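I opened this notebook to record what I looked up, one topic at a time. The structure comes first, then the entries.

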2 protein chains.
Amino acid sequence: MRYKSVMKLKKIAVMQKLLKANDAIADEIRQELQDKNVFFVNLMSSPGSGKTTLVEETVRRLGKRIKVIEGDIQTTLDAERLQKLGIQAFQINTGPFGGDCHLESAWVRAAIDELGTGGMDYLFVENIGNLVCPAEFDVGAHMNVLLLSVTEGEDKPLKYPLAFQVSQLCLITKTDFLPLKNFSLEKLRENIKKVNPACAVIDVSAHEGTGMDRWVEVLKNRQGM
Amino acid sequence: MRYKSVMKLKKIAVMQKLLKANDAIADEIRQELQDKNVFFVNLMSSPGSGKTTLVEETVRRLGKRIKVIEGDIQTTLDAERLQKLGIQAFQINTGPFGGDCHLESAWVRAAIDELGTGGMDYLFVENIGNLVCPAEFDVGAHMNVLLLSVTEGEDKPLKYPLAFQVSQLCLITKTDFLPLKNFSLEKLRENIKKVNPACAVIDVSAHEGTGMDRWVEVLKNRQGM
C-alpha cells in the first residue's frame with residue numbers, strides 16, 4: 001500500500017504539470033478565437049446523451065458557418081454524420097494514444113490549425129463521451145455545455161459534480177422520453193442547482209424540436225466571449 | 001508541443017508502474033475469493049445504464065448472500081439503496097482523491113477487508129459510471145460485465161471498444177424502451193461481436209424482468225472462477 005501511495009503522489013505531480021501546460025494552451029485558443037469573432041462551445045456528456053444529434057439540429061437552425069471538432073476514442077462515425085450536412089468536421093481519435101478519456105487543449109489546437117479559423121462563426125468541440133475526465137481539462141472554450149439525458153437519472157449531478165460545476169449551461173436532453181418511471185425532472189433541476197447554482201438549464205428534445213429555439217438564442221448571445 | 005510529448009511519456013511510464021501494481025493486487029483478490037468460493041463480478045457502464053437497479057433485482061432473485069462495493073465519485077446514494085434490501089454494501093468515494101474516474105484493486109482490497117469474506121456467495125463491484133477508464137484497471141473479478149442501455153445508441157461498442165473487449169458478458173439494458181427511433185438492436189449486437197466475438201450478450205429489462213432468469217443462470221454457473 002505504501003508503494004501505491006508514492007505512485008499516487010508521482011501521478012498527481014505529473015498531472016499538475018500536464019494541467020498547467022494544458023491551461024496555457026487553452027487560454028491562447030480562447031483569446032485567438034475571440035479576436036477572430038468565433039464563439040467556441042465545448043459539449044460534454046456521457047456516451048449517447050445526444051451531442052451529435054444536437055449539433056446536427058443546431059446546424060439546421062443556425063446555418064453552416066459552424067465547424068466541429070469530434071473527439072472519440074475510435075471511429076470517424078460522428079465526423080461523417082456532420083460532413084453529410086455540408087459542414088467541416090475534424091475527427092480526433094485518442095485510441096492510438098492510449099485510449100485517452102478526454103480531449104486536451106493541444107489536440108484542439110492542432111485540430112483548429114487543420115480546420116482553419118476562416119468561414120466560421122461558431123466552433124463546437126464534441127468531447128469524449130465521459131461524465132468525469134473531460135471536466136478536468138480546459139479546451140479553451142468560451143462556454144462549457146453539459147448534456148444529460150433524462151434516461152440517465154436525476155441523481156447524476158450529485159454523483160458527478162465537477163462536470164456540472166465547470167459548465168455554464170446544462171441541456172437536459174431526450175425529454176421526448178418523459179414521463180419516466182423513477183424519474184423527476186424537478187428533482188434533476190434541484191440537483192443541478194445544488195452543485196452549481198449559477199448553471200443555466202434548458203430542457204431539449206432534438207427529435208421533437210423542444211427547447212431548440214432557446215438553445216440557438218444562447219448561441220447567438222455569445223455569453224462568455 | 002515538445003514539452004507535452006515529454007510529459008506524455010512520463011505519464012505513460014507512471015501509468016505502467018501503477019497498472020503493474022494494480023494487477024498484482026487484483027490477482028491476489030481473485031485467488032483469495034476463489035479459495036473462499038465467492039464469485040466476484042465487476043459491473044461497468046456509462047452513468048445511468050442501470051447498474052444499481054440490476055443489483056437490486058438480482059438480490060430479489062438470488063437472495064441476500066451478496067455483498068456489494070459501490071464506486072462513486074461522490075455520494076452514498078447507491079449503497080443506501082442496497083442497504084435497504086438488507087445486504088451489506090460498502091461505498092468507495094473517489095472524490096477526495098482527485099475525483100478518480102475508475103476503481104483500482106487496492107481500494108477494492110480495502111473494501112473487502114471492511115466487508116469481510118464471510119456470509120457471502122457473490123461479491124459485486126459497481127464501478128464508477130464511465131465507459132472508458134474502468135476498463136483499464138483489473139479489480140480482481142472473475143467476470144467483467146458491461147451494461148449498455150438501448151438509449152445510448154448502437155454505435156457505442158465501436159467508439160469505446162476496450163470496455164467491451166475486457167468483458168465476458170454484455171447486458172443490453174432498458175429494453176423496455178424498445179422500439180426506439182434511430183436504433184437497431186440487431187446492429188448493436190453486430191457491433192459488440194465486431195469488437196469482441198467472444199462476448200456473450202443478454203437483453204434485459206430489470207423493470208419488466210426480461211432476461212433476468214438468464215442473467216441469474218450466468219451467475220449460478222460461475223464461469224471464470
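**Entry: a lysine and its contact**

Which backbone oxygen lies 2.6 Å from a polar atom of the side chain of K174(A)? I looked it up in what is a predicted model. The atom is the backbone oxygen of T151(B). I then placed the lysine in its chain. K174(A) sits in the loop that runs between strand 6 (169-173) and helix 7 (185-195) of chain A.

Next I checked for a charged partner. K174(A) is buried, yet K174(A) has no salt bridge. The nearest side chain of opposite charge belongs to E152(A), and the distance is 6.7 Å. A salt bridge needs a nitrogen to oxygen distance within 4 Å, so a pair at that distance does not count.

**Entry: cavities**

I searched the whole structure for enclosed space. Three cavities of 30 Å³ or more turned up. The largest cavity holds about 60 Å³ of space. I asked which residues are closest to its centre. They are S149(A), T151(A), E152(A), S149(B) and E152(B), out of 15 lining residues. E152(A) is also the residue I noted above as the nearest opposite charge to K174(A).

I sorted the lining by class. Nine residues are polar, four are charged and two are nonpolar.

**Entry: salt bridges around R109(A)**

How many salt bridges does the whole structure have? My search over all chains gave 26. I followed up a few of them.

E32(A) and R109(A) form one, with N to O at 2.8 Å. This pair links distant parts of the chain. E32(A) is in helix 1 (residues 2-35) of chain A, R109(A) is in helix 4 (residues 105-115) of chain A, and 77 residues separate them. I compared exposure at both ends. E32(A) has a relative accessible area of 22%, so I log E32(A) as partly exposed. R109(A) comes out at 16%, so R109(A) goes down as buried.

R109(A) has a salt bridge to D113(A) as well, at 3.1 Å, N to O. Here both residues belong to helix 4 of chain A. They are four residues apart, about one turn of the helix. Is D113(A) buried or exposed? D113(A) is exposed, with a relative accessible area of 54%.

I then asked which residues make up the network. E32(A), K36(A), R109(A) and D113(A) are linked by salt bridges.

**Entry: a second pair in chain A**

I looked up E56(A) and R81(A) next. Their side chains meet in a salt bridge at 3.0 Å, N to O. E56(A) lies in helix 2 (residues 51-62) and R81(A) in helix 3 (residues 77-83) of chain A, so the pair ties together parts 25 residues apart in sequence. E56(A) counts as buried because its relative accessibility is 13%. R81(A) reaches 29%, so R81(A) counts as partly exposed.

**Entry: helix 4 of chain B**

Why do I call helix 4 (residues 105-115) of chain B largely enclosed by the rest of the structure? Eight of its 11 residues are buried, so the label fits. I listed the buried ones: S105(B), A106(B), W107(B), V108(B), R109(B), A111(B), I112(B) and L115(B). I also checked what follows the helix. G116(B) comes after helix 4 of chain B, and its phi is positive, near 80 degrees.

**Entry: backbone geometry**

I scanned for cis peptide bonds. In chain A, the bond from L178(A) to P179(A) is cis, with omega near -5 degrees. P179(A) is in the loop between strand 6 and helix 7 of chain A, and K174(A) lies in that loop too. In chain B, the bond from L178(B) to P179(B) is cis, with omega near -5 degrees. I found P179(B) in the loop between strand 6 (169-173) and helix 7 (185-195) of chain B.

Then I looked at positive phi away from glycine. N37(B) is not a glycine, yet its phi is positive at about 60 degrees. I placed N37(B) in the loop between helix 1 (2-35) and strand 1 (39-45) of chain B. T75(B) is not a glycine either, and its phi is positive at about 75 degrees. The loop that holds T75(B) runs between strand 2 (66-72) and helix 3 (77-83) of chain B.

Terms used: Residues are numbered from 1 along each chain as its sequence is written. Chains are lettered from A and ligands numbered from 1 in the order in which they are written. This is a predicted model: local features need pLDDT of at least 70, side-chain atom pairs count only at pLDDT 80 or more; totals for chains, interfaces and linings use all residues. Side-chain values use heavy atoms; hydrogens and water are left out. On a 1 Å grid over the protein atoms alone, a cavity is a set of points where a 1.4 Å probe fits but cannot get out, and a pocket is an open set with protein on both sides within 12 Å along at least five of seven lines; lining residues have an atom within 4 Å of a point. Grid points are joined across faces, edges and corners, and a volume is the space filled by probe spheres set on the points. Ala, Val, Leu, Ile, Met, Phe, Trp, Tyr, Cys and Pro count as nonpolar, Asp, Glu, Lys and Arg as charged, and the others, Gly among them, as polar. Helices (H or I, at least four residues) and strands (E, at least two) are DSSP runs, numbered from the N terminus. Buried means under 20% relative accessible area, exposed over 50%, partly exposed in between (1.4 Å probe, protein chains only). Lys and Arg count as positive and Asp and Glu as negative; His and the chain ends are not counted. A polar contact is a pair of N or O atoms within 3.5 Å; within protein, one must be able to donate a hydrogen and the other to accept it, and residues adjacent in sequence count only if both atoms are side-chain atoms.
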